[in-house]
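Student: I should like a close look at one part of this model. Please treat the salt bridges, together with the strands and helices that they connect.

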Amino acid sequence: IAAEWLHLLPFGWVHGYDTVERRTDDLKDFDFMFTGTLTGRRRHILLELQKAGANVVFFSAATPSFIRNNVVGRAKICLGIKHYDEWKYPSLLRNYYHLLNRSFLLSETCDYPSVIDDYLVVVEPEKFQQTALDMIKQNNLSAIANQNLERFRDEVPAKPLFEDFLTRCFN
């Protein structure tokens, strides 16, 4: 395939994408939530958060979306944990899902940042657990998630991105 035929499908704000029922912070009954493949590194981090007294829930990537959406709505902080120490790429789809659903996502930095990292809370891996434990004490996490989405909506609407994408693809 010729390079001029390859185009990046952009990530932008899309009206109606959100599928998670929003709750106020005082109605959220899980401290931390993670979905995905449970590698040894991820298991270790989740267990350390539990040992610190946090209420942590984990669901595999195969969890039906209606269950995942319910738990995301009940979690104070959703976690973006690298698969292993040398993992270079953030989970763009995870980040996008949480951003558009106004769920507070705390994610680890990677060698190659995601195109939406500016709209998330991203910290260095060595500070991840302590930052998570510090942030869980805050009572404004939903407000932060809402502000991040509002900024993303204003700064990165999908419509012009897709118009440009289609023009490049078919011209």
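Tutor: By the rule applied here, the count comes to eight salt bridges, where a salt bridge is a side-chain nitrogen of Lys or Arg within 4 Å of a carboxyl oxygen of Asp or Glu. In general, side chains of opposite charge can pair when their charged atoms come close. The model is a predicted one, in which local features need pLDDT of at least 70 and side-chain atom pairs count only at pLDDT 80 or more, while totals for chains, interfaces and linings use all residues. Residues are numbered from 1 along each chain as its sequence is written, and side-chain values use heavy atoms, with hydrogens and water left out.

One of these pairs is Asp31 with Lys76, whose closest N and O atoms are 3.3 Å apart. Asp31 belongs to strand β1 and Lys76 to strand β3, so the pair ties together parts that are 45 residues apart in sequence. Helices (H or I, at least four residues) and strands (E, at least two) are DSSP runs, numbered from the N terminus. Asp31 is buried, at a relative accessible area of 15%, whereas Lys76 is partly exposed at 23%; buried means under 20% relative accessible area, exposed over 50%, and partly exposed in between, with a 1.4 Å probe and protein chains only.

The two strands are also joined in the backbone pairing: three bridges link β1 (residues 30-35) to β3 (residues 75-80), and the strands run parallel. Phe32 has Ile77 as its bridge partner in β3. Two strands count as paired if DSSP finds at least two bridges between them. The wider setting is an open sheet of five strands, ordered β2-β1-β3-β4-β5 with parallel pairing. At its edges stand β2 (56-59) and β5 (121-123), each with a single partner strand, so one side of each is left without a neighbour in the sheet.

A further salt bridge is formed by Arg41 and Glu108, at 2.7 Å from N to O. Arg41 lies in helix α1 (residues 40-51) and Glu108 in strand β4 (residues 105-108), so this pair ties together parts that are 67 residues apart in sequence. Arg41 is buried at 16%, and Glu108 is buried at 2%.

Asp154 and Arg153 also form a salt bridge, with the closest N and O atoms 3.2 Å apart. Here Asp154 is exposed at 55% and Arg153 is partly exposed at 32%. Elsewhere, salt bridges that share partners join Arg41, Asp85 and Glu108 into one network.
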